[in-house]
Amino acid sequence: MLASGSGPAAVLWDMDGTLVDSEKVWTISLADTAQWLGGELSTEAREAMVGSNMARSLALMFDDLGLDRDPEPIAQAARYLTDRTGELFAAGLEWRPGALDALRMVRAAGWPTALVTNTLRTLTEKALDSIGREHFTVTVCGDEVPHGKPDPDPYLRAAELLGVAARSCLAVEDSPTGATAAERAGCAVLVVPCDVAVPTGPRRVHRGSLLGLTSDDLKVSYAQAQGERVA
């Protein structure tokens, strides 16, 4: 039994690495972009990009390759990276373990949902062609807010669109960048790590995977992240 009862007002889902195994796709497209720029992306730089937005990822890449952050080369690299990632997204994306069942469970339970991603709208639409738009009440992309994750703007915008307070939402994230963004927005955070470890935090609850997630599990995670006592 829960001390709090009904759980969150809405569930806000990250995409890359949380719902779909697309971080592996990004690894390919980022490596290809680095090669196009004449270099090789380091493991450390790639790990720092997990969950990040396009601008930050390219800044990290240029620094890693020892290139000046000149606007025009960065813009050209952004176009190349977007096009290459779009090709890979269009080929289809694999679900993370338990993700599709978890989405269906949340929708069946009646919770409003949002997809909250740092990925550009053009690429997100290609991903939605693969995974389906019906799972989400609203979607928010990284190029539709003033600042992407780790800033709170994407999560604040999703809560605004749903007509709920961010502090009453549960965000599901896989990366340090995404967890920080959700936490800064005031959300409770269910962390399901994928490619990189995610530190603990005062409003974070960790789970090994989405496999077998039930509505009661989700309520418990929300209550624990809120600091509530679970009987």
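## Two domains and their interface

Student: How far apart are the centres of domain 1 and domain 2?
Tutor: Happy to help! This is a predicted model, where local features need pLDDT of at least 70, side-chain atom pairs count only at pLDDT 80 or more, and totals for chains, interfaces and linings use all residues. Residues are numbered from 1 along each chain as its sequence is written, and side-chain values use heavy atoms, leaving out hydrogens and water. Taken over C-alpha atoms, the centres of domain 1 and domain 2 are separated by 24 Å.

Student: How many residues does each domain bring to the contact?
Tutor: Contact here means heavy atoms within 4.5 Å. Domain 1 gives 18 residues, and domain 2 gives 15 residues.

Student: Which residues do the two domains cover?
Tutor: The bounds come from an automatic or database domain assignment. Domain 2 is 23-91, and domain 1 is 10-21 + 95-226.

Student: Which side chain does lysine 24 meet in a salt bridge?
Tutor: A salt bridge needs a side-chain nitrogen of Lys or Arg within 4 Å of a carboxyl oxygen of Asp or Glu. At 3.2 Å, N to O, the partner of lysine 24 is aspartate 21.

Student: Is threonine 33 buried or exposed, and why?
Tutor: Buried means under 20% relative accessible area, exposed over 50%, and partly exposed in between (1.4 Å probe, protein chains only). Because its relative accessibility is 0%, threonine 33 counts as buried.

Student: What does threonine 33 touch?
Tutor: Residues up to four places away in sequence are not counted here. Threonine 33 touches Met61, Ala77, Tyr80 and Leu81.
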